[in-house]
Amino acid sequence: MKGSYAAGLAMMLTLFALVWQVQDGRKRMAASRLLYRAEAISLEVMAAGTAPRAYLQQNLRDLRRAANLDPLEAAIPLALGSQFLLLDSPQAAQEAYLQALEIEPRPETYLNLGKAQFRSGQEEAARENFDRAIKLDWHFKSEIPRQARER
């Protein structure tokens, strides 16, 4: 009797864990779809050479929803920071990039944080983050704004 009780309990716990994993996976998939859509819209807007605020505002809403669904995906606050830069809000971009760095330090995040800081007039902090990005991946050297390299 004890063995069947333990087996039943183990089966219930396994079923609970499986349901939880499926729900978690569905949330992460939804977050990925929102992230993909926001990035696709951003690429279209940048290719067209214009940035209609309505599209970018929708991207911000989608990315915030995505962050709630998958708070451990570093690409979401990274994309959020890029949206803020497109909207000419470098302070909000910095906050988003710092969130991304808390989740996962990536060279592109340091690079973009540097860009936001440079646009905010924080040139020394920007250079430090540009240096970090280059130390992690030298390919980013060409991505540093020319004005930041000249000073």
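In the predicted model, asparagine 112 is placed in helix H5. With a relative accessibility of 14%, asparagine 112 counts as buried, because the limit for that class is under 20%. When the neighbours within four places in sequence are set aside, asparagine 112 is found in contact with Leu78, Ser82, Leu85 and Tyr97. One of these partners, Tyr97, also belongs to the largest nonpolar core, where Leu63, Tyr97 and Phe130 touch the most other members among 32 residues. Each of the helices H1, H2, H3, H4, H5 and H6 supplies at least two residues of this core, and the largest share, seven residues, comes from H3.

Phenylalanine 130, named above among the core residues that touch the most other members, can be described further through its own surroundings. Apart from its neighbours within four places in sequence, phenylalanine 130 is in contact with Leu111, Gly114, Lys115, Phe118, Ile144, Pro145 and Ala148.

The secondary structure of the protein chain consists of seven helices and zero strands, so that the pattern read along the sequence is α-α-α-α-α-α-α, given that helices and strands are both taken from DSSP runs. The C-alpha atoms occupy a box of roughly 80 × 35 × 25 Å along the principal axes. The radius of gyration of the protein chain is 21 Å, whereas a compact globule of 151 residues would have a value near 15 Å. Of these 151 residues, 35% count as buried, and the accessible surface of the protein chain amounts to about 9,900 Å², with 58% of that area belonging to carbon and sulfur atoms. Among the contacts between residues at least 6 apart in sequence, 50% join residues that are at least 24 apart.

Charged side chains were examined next. The count of salt bridges comes to five. Glutamate 73 forms one of them with arginine 106, and the closest N and O atoms of this pair are 3.8 Å apart. Because glutamate 73 lies in the loop between helix H2 (53-69) and helix H3 (75-86), while arginine 106 lies in the loop between helix H4 (90-103) and helix H5 (107-119), the pair ties together parts that are 33 residues apart in sequence. The two partners fall into separate accessibility classes, since glutamate 73, with a relative accessible area of 24%, is partly exposed, and arginine 106, at 17% relative accessibility, counts as buried. Arginine 106 also meets the side chain of glutamate 108 in a salt bridge, with an N to O distance of 3.8 Å, and glutamate 108 is partly exposed, with a relative accessible area of 24%. Taken together, Glu73, Glu104, Arg106 and Glu108 are linked in a network of salt bridges.

A further salt bridge joins the side chains of glutamate 123 and arginine 127, at 3.8 Å from N to O. Because these two residues are four residues apart in helix H6 (residues 123-136), about one helical turn separates glutamate 123 from arginine 127. Glutamate 123 counts as partly exposed, at 27% relative accessibility.

The surface of the model also carries nonpolar side chains, for Leu15, Leu18, Val19 and Val22 form a nonpolar patch there, with about 360 Å² of accessible area together. Of these patch residues, valine 19 is placed in helix H1 (residues 2-48). Valine 19 has a relative accessibility of 41% and therefore counts as partly exposed, the class that lies between the buried limit of 20% and the exposed limit of 50%.

Tryptophan 138, by contrast, is located outside the helices, in the loop between H6 and helix H7 (146-150). Tryptophan 138 counts as exposed because its relative accessibility of 61% is over the 50% limit. From C-alpha to C-alpha, tryptophan 138 and glutamine 117 are 20 Å apart in space, and the two residues are 21 residues apart in sequence.

Conventions. Residues are numbered from 1 along each chain as its sequence is written. This is a predicted model: local features need pLDDT of at least 70, side-chain atom pairs count only at pLDDT 80 or more; totals for chains, interfaces and linings use all residues. Side-chain values use heavy atoms; hydrogens and water are left out. Patches are made of residues with over 30% relative accessible area and no salt bridge: like charges are joined within 9 Å, nonpolar side chains (Val, Leu, Ile, Met, Phe, Trp, Tyr) within 5 Å. Accessible areas come from the Shrake-Rupley method with a 1.4 Å probe; for residues, only the protein chains shown count as cover. A salt bridge is a side-chain nitrogen of Lys or Arg within 4 Å of a carboxyl oxygen of Asp or Glu. Buried means under 20% relative accessible area, exposed over 50%, partly exposed in between (1.4 Å probe, protein chains only). A nonpolar core is a set of buried Ala, Val, Leu, Ile, Met, Phe, Trp, Tyr and Cys residues joined through side-chain atoms within 4.5 Å. Contact means heavy atoms within 4.5 Å. The radius of gyration is taken over C-alpha atoms; the globule rule is 2.2 Å times the number of residues to the power 0.38.
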